[in-house]
Amino acid sequence: MSNNSLPKPYYQDDSVTIYHADCRDILPLLPDKSIDLVLTDPPYGLGNQEWDKQMPYGILTYCLEHYDCPIVWFGSAPKLPADIRQFTVAPERVLVWCPRFTQSHTMRNKIAYRWHPIYLWRLHNNHNIRWDIIDIPTESWLPATRNWWYHPASKPSELISLLATLATGNGVILDPFLGSGTTAYCAKKLNRKCIGIEISEDYCRIAARRCSQAVLPLEVEQVQQGQGDSQPLMFPIMTPPTKGNKVRDKMSVNKVIKETNGE
Ligand SMILES: C[S@@+](CC[C@H](N)C(=O)[O-])C[C@H]1O[C@@H](n2cnc3c(N)ncnc32)[C@H](O)[C@@H]1O
C-alpha cells in the first residue's frame, strides 16, 4: 500500500467493505464527508478482553471532527462517568440498552450491571427509534442461544438494525470497530452500504462469512423497536456472572473460528 491509499479490503461486495486493520490507519484515508452514519461499538475500557483495554476517545473525536453525520457510540454502564468526562463534545442523547439478561462480567458492590449506554451525536428525526430504553435481548453465547458468529461483545442484529435507520437513503455506515460484523450484516440487509474495520483477523473472517450470507433484504419500515429479524428469546434474567465466563468465551470463539474454517 502506498502511504495514502487504502489497502486491499479483506472482504468486499456491493454493500460491504471490510478492512482487516487498525482503524487509526484507515480513517485518515477515507474522504471526509463520505460517511452518512458512524455506528460503532468500540472497546469499553473494562479490561475483560485483550482488545478491551481503553475506550478510544481519540477516534470518537476524530469522527466528530471529520464527519458531519449522526454518530452512535456504545459505552458501558460502569464507565459512563469517566466517558462523559473524556468526551470532547457532550452527547446529545443517551439511549439505554437494557436486555432482559446480559452476559456482563461486570459487577460492583455485589450488583451486576444489566444496561449499556448508547451515546448519540447529531441526531435527526428521520429514524425508527421510538423509546430511549431499548429492551431487545442479547444474542449471547449461552448454550441455548449459541450463534455461530460468536464474539464476546456481539450485538443483536435487531438492535443494530434499529440504530442503522439513522443512516438515511442508501447511506454509508462506518463501523471502525466491526467485531463479528453485525453492523455490516445489518447495513446490507437494510440496503445500506457499510465500511467496517476490524483489527482481529479471526473476527474479520466471521464478519466476512456473515456478510456473504446476508442476502435477504429487510424492509426499513419493518425495523422498529420490537420488530427486527432476530427471534425473541425466552430467557429469564441470568444468574450474575462468575469467573467461568471468560473461559467459556475463549472456548466458544475458538469453536466458531474452526466452524468458519470448515473444520
Ligand atoms: C465491542 S467489540 C465490537 C463487537 C461488534 N459490535 C459485534 O457485534 O460483533 C470491539 C471490536 O473492536 C476491535 N478493535 C479494537 N481496537 C481496534 C482498532 N484499533 N482498530 C480496529 N478494530 C479494533 C476488537 O478486536 C473488537 O472486535
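Across which strands does helix α5 lie? The close-up views below, taken from a predicted model, address this point and the surroundings of the helix.

**View 1. Helix α5 lies across four strands of the sheet, β2, β3, β10 and β11.** The helix comprises residues 182–189 and runs at about 170° to β11 (193–198). Helix α6, formed by residues 201–213, also packs on the sheet, where it touches β1, β2 and β11. The direction of α6 makes about 170° with that of β2.

**View 2. The sheet is open and contains 9 strands.** Their order is β1-β2-β11-β10-β3-β4-β8-β5-β9, and the pairing is mixed. Strands β1 (11–12) and β9 (133–134) form the edges, each pairing on one side only. In general, strands of a sheet pair through backbone hydrogen bonds, in either the parallel or the antiparallel sense.

**View 3. Strand β10 pairs in the parallel sense with β3 and with β11.** Between β3 (residues 37–40) and β10 (residues 172–175) there are 2 bridges, whereas 4 bridges join β10 to β11. On the β3 side, V38 stands opposite L174 and L37 stands opposite I173. On the β11 side, I173 stands opposite C194. The chain passes from β10 through α5 to β11 in a β-α-β crossover that is right-handed.

**View 4. The residues of β10 point in two directions and are buried on both sides.** V172 and L174 point one way, while I173 and D175 point the other way. In a regular strand, side chains alternate between the two faces of the sheet.

**View 5. Helix α5 is mostly covered, with 8 of its 8 residues buried.** These residues are T182, T183, A184, Y185, C186, A187, K188 and K189. They pack against strands β2, β3, β10 and β11, and against helices α4 (157–164) and α6. Just after α5, N191 adopts a positive phi of about 65°.

**View 6. The ligand is surrounded by 21 residues.** The closest are D41, F177, G179, S180 and T182. Two or more residues of the shell come from each of the elements α1 (23–26) and β11. By residue class, the shell divides into 10 nonpolar, 6 polar and 5 charged residues. T182, one of the closest residues to the ligand, is also among the buried residues of α5. Strand β11 likewise recurs in these views: it contributes to the ligand shell, pairs with β10 and is contacted by the buried residues of α5.

Methods
Residues are numbered from 1 along each chain as its sequence is written. This is a predicted model: local features need pLDDT of at least 70, side-chain atom pairs count only at pLDDT 80 or more; totals for chains, interfaces and linings use all residues. Two strands pair if DSSP finds at least two bridges between them. Two residues are in contact if their C-beta atoms, placed from the backbone, lie within 7 Å. Axes are lines fitted to C-alpha atoms, for helices over the stretch in contact, and angles run from 0 to 180 degrees between N-to-C directions. A residue is buried if 20 or more other C-beta atoms lie within 10 Å of its own, exposed if 12 or fewer, and partly exposed in between; C-beta atoms are placed from the backbone. A residue is near a molecule or strand if its C-beta atom, placed from the backbone, lies within 6 Å of it. Ala, Val, Leu, Ile, Met, Phe, Trp, Tyr, Cys and Pro count as nonpolar, Asp, Glu, Lys and Arg as charged, and the others, Gly among them, as polar. A crossover is right-handed if, with the strands pointing away from the viewer, the path from the first strand over the helix to the second runs clockwise.
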